[in-house]
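Me: I'm new to this one and would like to go through it slowly. Could you take me through the basics and then the odd spots?

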Amino acid sequence: MRHRAPTRRTALKAVLAAAVLTASLTAGCTRHGTSDDGRAPHGSQAPDGQHTAGTGSVLAVKIDNVAAARPQTGLDSADVVYAEQVEGGLSRLMAVYATKLPEVVGPVRSARESDLELLRQFDRPTLAFSGAQRKLLPLIDQAPLRAESPDAASGAYYRGTGRPAPHNLYLRPAELMADAPGKAALTTGFRYGPAPTGGTVTATRTVRYPAARFTFTWSAGEKRWLVSMDGTQARTTAGKRVAAATVVVQHVRIRTSRYHDVLGNYTPFTGTVGSGKAEVLRDGRSFEATWTRREAGDGTTFTGADGRPVDFADGQVWVVFAKA
């Protein structure tokens, strides 16, 4: 039996060495994945995860917006929805939650460089995303936000059934934040109140990207702008029409960033600091405005031709970034 003893000792050493190696790799690896949705869980059920205390700031979720990703889930619960141009002229959304956390949000997709500048207006927001281009990961780690990808919080994500990856990754917000932080966390600079005087009666407004478009149609009955994307009515998975109380078409500088996707398509960078023209749609009218955001830590203000702030209607706000 003596000849078995070295074998057992060797096996024990191997187990201990493997455990140490695993721990060291876990401590040293990046938390956010290295590609667009390549490292998320693949089961149809979400693993058990622990609830963590809320950060006192907003939850921002990057949401897929190609045809295969629709209808989306939880989009109607967002306080603000930002629409930006990405590779290939397509669009992607970032939904911001402060007053209510839905049970599920998705499909979740990857982050972009523009998101980091846009999110600086909030106090350490939680960013939920599926991954990012490898060279962008260090910037995400250095940004003043709480980054929560599937690598960092696997228990908060799951793969849904009925859709192929990468269009089936969903987030359970309660696994990241115990409660919604409240309206005070919306440090966007937006003002809410009665409609300005004047304006132009507007039934519909369309914003076009090279390979995507958004159309907002005023519904007097619902007192909301009904959202259509790429010519199709936008609905949630529950069948509810996506509708905004206020729509902002914000004209910004869009340039080519340093980052590109696996096909070599460079990501547009949407600049949200500075100033420019804007259109504010509310109550069936369009109001010309000027937007201003002096520094990344500031919110964005909208001023009418009379020099007065343009107030938004109570309810969900959509901000569509259009090329100046």
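**Surface, cavities and unusual backbone**

Reply: The accessible surface of the protein comes to about 15,400 Å², and 52% of that belongs to carbon and sulfur atoms; accessible areas come from the Shrake-Rupley method with a 1.4 Å probe, and for residues only the protein chains shown count as cover. This is a predicted model, in which local features need pLDDT of at least 70 and side-chain atom pairs count only at pLDDT 80 or more, while totals for chains, interfaces and linings use all residues. Residues are numbered from 1 along each chain as its sequence is written, and side-chain values use heavy atoms, with hydrogens and water left out.

Me: How many helices and strands does the protein have?

Reply: The secondary structure comes to 3 helices and 20 strands, where helices (H or I, at least four residues) and strands (E, at least two) are DSSP runs numbered from the N terminus.

Me: And what share of the residues is buried?

Reply: Of the 324 residues in the protein, 49% are buried, where buried means under 20% relative accessible area, exposed means over 50% and partly exposed is in between, with a 1.4 Å probe and protein chains only. Among contacts between residues at least 6 apart in sequence, 67% join residues at least 24 apart, a contact being heavy atoms within 4.5 Å.

Me: New topic, then: how many cavities are there?

Reply: The count comes to 2 cavities of 30 Å³ or more. A cavity is a set of points, on a 1 Å grid over the protein atoms alone, where a 1.4 Å probe fits but cannot get out, and its lining residues have an atom within 4 Å of a point. Grid points are joined across faces, edges and corners, and a volume is the space filled by probe spheres set on the points.

Me: What lines the largest cavity?

Reply: The largest cavity, with a volume of about 70 Å³, has a lining that includes Y82, R92, M94, D115 and F321. Strand 2 (80-85), strand 3 (91-97) and helix 2 (113-119) are the elements that give two or more residues to this lining. By class, the lining of the largest cavity has 6 nonpolar, 3 polar and 3 charged residues; Ala, Val, Leu, Ile, Met, Phe, Trp, Tyr, Cys and Pro count as nonpolar, Asp, Glu, Lys and Arg as charged, and the others, Gly among them, as polar.

Me: What about the second largest cavity, which residues line it?

Reply: Its volume is about 60 Å³, and among its lining residues are Y82, L118, Q121, R293 and F321. That lining divides into 5 nonpolar, 4 polar and 1 charged.

Me: Okay, backbone now. Which peptide bonds are cis?

Reply: One of them runs from R70 to P71, with omega near 0°, and P71 is found in the loop between strand 1 and strand 2. Another joins G106 and P107, with omega about 0°, and P107 is found in the loop between strand 3 and helix 2.

Me: Why point those out, and positive phi values too?

Reply: Because most residues other than glycine have a negative phi, and most peptide bonds are trans.

Me: So where does K223 sit, and is K223 buried or exposed?

Reply: K223, with phi near 55°, is in the loop between strand 10 (212-219) and strand 11 (224-229), and K223 is exposed, with a relative accessible area of 57%.

Me: And D283, where is that?

Reply: D283 lies in the loop between strand 17 (274-282) and strand 18 (285-293); its phi is also positive, near 55°, and at 39% relative accessibility D283 counts as partly exposed.

How values were computed
On a 1 Å grid over the protein atoms alone, a cavity is a set of points where a 1.4 Å probe fits but cannot get out, and a pocket is an open set with protein on both sides within 12 Å along at least five of seven lines; lining residues have an atom within 4 Å of a point.
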